[in-house]
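Work through the two exercises below with the model open. Try each task before reading its solution.

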Amino acid sequence: MKRSWRGFLPLLAVLMVALMIAGCSSNNAGNANNAGTAENAANQTATAEPSATAAAEETAASAKTVYPLTIENYTNNGEGTEWTAKAQTFDQVPQKVVANTQGAAELMIKLGLTDKIVGVAALYGGGDPAVAEEFKKIPVLTENYASKELVVGASPDLVLGRADLFADADWGVGTVEGLNELGIKTFLQNTSVKGGTLDSLYKDIEQIGQIFDVQEQAAAYTEELKARAEALKAKSTGEKTFAYVSDAGDGAIAVYSGNIDTFAGDVLGLLGLKNSFGDITGEISKEQLLATNPDVMLLSDYTGGPDPQATIDAFYADPSLQSLNAIKNKEIHVIDFNQFWGYSYSIFDGAEKLASELAGN
């Protein structure tokens with residue numbers, strides 16, 4: 001701070017005295033200022049600590065669910081109709097959950113929710129070895145698709161899982177509206193609705209985290225999966241086309257368009273793979289397959305299905321398929337049904353395995 005002097009003292013002695021007094025005053029002021037600075041710093045530190053604590057508490061509080069919680073989800077007007085938005089409101093953490101597929105149950109396990117599951121169905125693959133021990137704790141309603149009778153019999157307060165299994169059919173768990181009328185909440189995986197992408201998986205994890213008040217675990221797991229997605233991109237060997245194929249009987253080839261399963265297509269896109277029939281609805285003939293000539297063919301393997309190796313051998317030996325790039329280059333790859341049609345995180349396991357095979361490892 002600048003000082004302002006109003007005049008000068010005429011006498012030398014007085015001037016000397018004044019200079020001595022000024023020096024002393026300056027030292028005292030400096031000491032006082034230093035003390036004041038230290039005091040201010042201490043006060044600021046004391047003030048900062050509660051602020052940091054308050055910020056941490058606010059962050060923790062923001063990761064806690066406040067009930068009632070309303071989540072935007074889906075319903076439809078019957079099998080085969082379009083899914084539309086429907087809100088589900090949760091007054092508390094669900095305590096009894098039925099997962100309509102193995103993949104849905106495994107996702108809950110990953111978020112630390114094993115004890116909330118009272119039933120699981122549709123065990124059509126090997127499952128994730130990393131959660132196998134936890135999975136053994138879950139009651140299996142049926143290894144096949146569960147009926148509404150089986151599901152309701154487990155007395156759930158929430159049914160969670162694959163969207164197209166919410167239907168009034170012998171293989172369906174009941175419609176959203178029918179279950180809701182019984183007081184049972186529903187959560188359909190965003191990944192299993194047409195238009196689903198990898199971001200839909202992150203949304204599923206986020207919303208399940210909110211419903212069960214495990215938002216911190218959900219956020220951490222999402223970051224882990226995002227890192228795996230980036231690693232998959234790095235493994236891409238270039239753009240190639242693919243088709244889903246299956247054994248139609250006696251080694252005859254059948255093609256599935258996969259136009260509904262956009263989530264799987266999005267993940268495969270990380271590897272540079274594009275679905276040759278992703279825009280086609282209905283059956284696809286062998287002639288269409290030959291004309292489109294995909295670079296890669298993906299054969300789904302599931303519990304109770306045909307021996308995949310026998311099917312592959314039949315396809316490679318079929319004279320009518322020899323013009324296909326996938327046949328000439330030996331690019332038929334087996335994918336696990338649970339991994340690709342569980343609409344869950346296990347698709348990363350399947351995609352990582354496929355990436356290794358495409359790279360010739």
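**Exercise 1. A helix pair**

At roughly what angle do the axes of helix H6 (residues 198-211) and helix H7 (residues 215-234) cross? Classify the packing in this predicted model.

*Solution.*

Step 1. The two axes, H6 and H7, cross at roughly 165° and come within 8 Å.

Step 2. Angles over 145 degrees count as roughly antiparallel. H6 is therefore roughly antiparallel to H7.

Step 3. Assign the hand. H6 and H7 form a right-handed crossing.

Step 4. List the contact residues. H6 contributes Leu198, Leu201, Tyr202, Ile205, Gly209 and Gln210. From H7 come Gln215, Ala218, Tyr221, Thr222, Leu225, Lys226 and Ala229.

Step 5. Sort them by class. The contact of H6 with H7 has 8 nonpolar, 4 polar and 1 charged residues.

**Exercise 2. The surroundings of Lys286**

Is Lys286 buried, partly exposed or exposed? Then trace its contacts.

*Solution.*

Step 1. Place the residue. Lys286 lies in helix H9, which spans residues 286-292.

Step 2. Read the accessibility. The relative accessible area of Lys286 is 31%. Buried means under 20% and exposed means over 50%. Lys286 is therefore partly exposed.

Step 3. Collect the contacts. Leaving aside residues up to four places away in sequence, Lys286 touches Ile253, Asp318, Ser320 and Leu321.

Step 4. Look for polar pairing. The side chains of Lys286 and Ser320 make a polar contact at 2.9 Å.

Step 5. Check the backbone spacing. Leu321 is 35 residues from Lys286 along the chain, and their C-alpha atoms are 8.8 Å apart.

Technical notes:
Residues are numbered from 1 along each chain as its sequence is written. This is a predicted model: local features need pLDDT of at least 70, side-chain atom pairs count only at pLDDT 80 or more; totals for chains, interfaces and linings use all residues. Side-chain values use heavy atoms; hydrogens and water are left out. Helices (H or I, at least four residues) and strands (E, at least two) are DSSP runs, numbered from the N terminus. Buried means under 20% relative accessible area, exposed over 50%, partly exposed in between (1.4 Å probe, protein chains only). Contact means heavy atoms within 4.5 Å. A polar contact is a pair of N or O atoms within 3.5 Å; within protein, one must be able to donate a hydrogen and the other to accept it, and residues adjacent in sequence count only if both atoms are side-chain atoms. Axes are lines fitted to C-alpha atoms, for helices over the stretch in contact, and angles run from 0 to 180 degrees between N-to-C directions. Angles under 35 degrees count as roughly parallel, over 145 as roughly antiparallel, 65 to 115 as roughly perpendicular and the rest as oblique. A crossing is left-handed if the near helix is turned anticlockwise from the far one by less than a right angle, and right-handed if clockwise. Ala, Val, Leu, Ile, Met, Phe, Trp, Tyr, Cys and Pro count as nonpolar, Asp, Glu, Lys and Arg as charged, and the others, Gly among them, as polar.
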